[in-house]
Structure formats: structure tokens, C-alpha cells
Amino acid sequence: MDKNEEYLKLLDNTIIPSNENYIDMTKGFNKIIDFVKKNYSGSIYRYRAYNQKNISAFSKDLLFISDNKYYTDLYDSSISIDLESINQDIINECLKLDRKDLIDKLKKIKLPITENIIKNLTK
């Protein structure tokens with residue numbers, strides 16, 4: 001197995017649950033980082049399309065995320081986020097709270113959706 005296949009296998013087999021603490025999460029990432037340091041020498045480059053959005057982001061030192069289905073390089077981005085698991089974790093945490101505590105926590109989040117949830121909870 002070549003190093004690229006080994007790298008993809010490592011990415012596929014590295015699962016970092018959203019309920020892990022920070023130290024345990026970094027262990028998973030460190031395996032990937034250590035493999036890259038050991039097997040890929042030189043620099044890592046970030047290629048961007050030449051357009052106003054990318055020029056603006058570059059000049060402001062901003063980073064935005066693109067869906068990896070638009071990438072032409074198989075190895076460019078193989079990390080995915082399990083939104084369903086994250087949403088379930090949020091729901092589970094909210095269910096542990098009583099109504100008053102939940103409302104207090106939601107008030108700290110400044111989003112229109114939380115305002116609607118608070119209105120529904122206070123009816």
C-alpha cells in the first residue's frame with residue numbers, strides 16, 4: 001500500500017466523536033498530523049481560484065470552507081462533519097435542562113432562531 005492509500009485509510013478509520021473532551025479529540029488529529037509530517041516533506045499549498053471572493057479573503061486573512069465534492073484532488077479534503085450527530089448531542093443536552101435554564105442559555109445565543117424558540121417556550 002502506498003503512502004497516499006495509507007493516508008486515506010487513516011482518515012477513514014479516524015473517528016473523533018463530538019462528545020469527546022478536547023484532549024481526546026486532539027489525539028485523533030495528532031495521528032493524522034504525525035503521519036503527514038513523517039510521510040510528506042516540503043510545504044503544503046492552498047490553491048485558490050482567481051476571483052474577487054478569494055482575493056478579498058486572502059487580503060483579510062480569512063478562511064472559508066468549500067464542500068469537498070467540488071475539489072478535483074482526491075486528497076484535498078477527506079474530513080467530514082457528522083451534523084446529525086452534533087444536532088443529536090445538542091438535543092440531548094437541551095433535554096437535560098429544565099425550561100428556565102434552557103431559556104437562560106438560549107438568551108445568550110444571539111440568533112433569530114433562538115428568539116423564536118424562546119417565544120415558543122414561554123407560551
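## A lysine on the outside

K100 is exposed, with a relative accessible area of 57%. This lysine belongs to helix 5, and it is a handy place to begin a tour of the structure. Please keep in mind along the way that this is a predicted model.

K100 also tells us something about how the chain folds back. Its C-alpha atom and that of T122 are separated by 9.2 Å, although the two residues stand 22 residues apart along the chain.

## The overall plan

Now for the wider view. The secondary structure of the protein chain comes to six helices and zero strands. Read from the N terminus on, the order of elements is α-α-α-α-α-α.

The protein chain has 123 residues, and 11% of them count as buried. Its accessible surface comes to about 11000 Å², and carbon and sulfur atoms account for 56% of that surface. As for contacts between residues at least 6 apart in sequence, 40% join residues at least 24 apart.

## Helix 5 and its buried face

Helix 5 covers residues 99–107, and its buried residues are L102, I103 and L106. Where do these buried residues fall when seen down the axis of helix 5? They lie within an arc of 100°, so they line one face of the helix. Helix 4 (83–95) and helix 6 (112–121) are among the parts that cover these buried residues.

The N-terminal end of helix 5 has a cap, provided by D98. A side-chain oxygen of D98 lies 3.3 Å from the backbone nitrogen of K100, which brings us back to the lysine from the opening. So K100 is exposed, at 57% relative accessible area, while its backbone nitrogen takes part in the capping of helix 5.

## An aromatic pair

How many aromatic pairs does a search of the whole structure find? There is one. Its members are Y7 and F35, which are stacked, with 6.0 Å from centre to centre and 20° between the planes. The pair links distant parts of the chain: Y7 sits in helix 1 (residues 3–13) and F35 in helix 2 (residues 22–39), 28 residues apart.

Are these two aromatic residues buried or exposed? Y7 has 15% relative accessibility, so it counts as buried. F35 has 11% relative accessibility, and therefore it counts as buried too. The cut-off behind both statements is that buried means under 20% relative accessible area.

## The core between helices 1 and 2

Y7 and F35 turn up again in the largest nonpolar core, where they are joined by L8, L11 and I32 to make five residues. Helix 1 and helix 2 are the elements that give two or more residues to this core. Helix 1 gives the most, with three residues.

## A threonine in the loop

Our last stop is T14, found in the loop between helix 1 and helix 2. Why does T14 count as buried? The reason is its relative accessibility of 18%, because buried means under 20% relative accessible area.

The side chain of T14 reaches the backbone oxygen of L10 at 2.6 Å. Leaving aside residues up to four places away in sequence, T14 touches G28 and I32. I32 is a residue we have already met, as one of the five in the largest nonpolar core. This loop threonine therefore counts as buried, at 18% relative accessibility, and it touches a member of that core, I32.

Key
Residues are numbered from 1 along each chain as its sequence is written. This is a predicted model: local features need pLDDT of at least 70, side-chain atom pairs count only at pLDDT 80 or more; totals for chains, interfaces and linings use all residues. Side-chain values use heavy atoms; hydrogens and water are left out. Buried means under 20% relative accessible area, exposed over 50%, partly exposed in between (1.4 Å probe, protein chains only). Helices (H or I, at least four residues) and strands (E, at least two) are DSSP runs, numbered from the N terminus. The arc is that of the directions from the helix axis to the C-beta atoms. Contact means heavy atoms within 4.5 Å. A polar contact is a pair of N or O atoms within 3.5 Å; within protein, one must be able to donate a hydrogen and the other to accept it, and residues adjacent in sequence count only if both atoms are side-chain atoms. Rings of Phe, Tyr and Trp (its six-membered ring) pair if their centres lie within 6.5 Å; planes under 30 degrees apart count as stacked, over 60 as edge-to-face and the rest as tilted. Accessible areas come from the Shrake-Rupley method with a 1.4 Å probe; for residues, only the protein chains shown count as cover. A nonpolar core is a set of buried Ala, Val, Leu, Ile, Met, Phe, Trp, Tyr and Cys residues joined through side-chain atoms within 4.5 Å.
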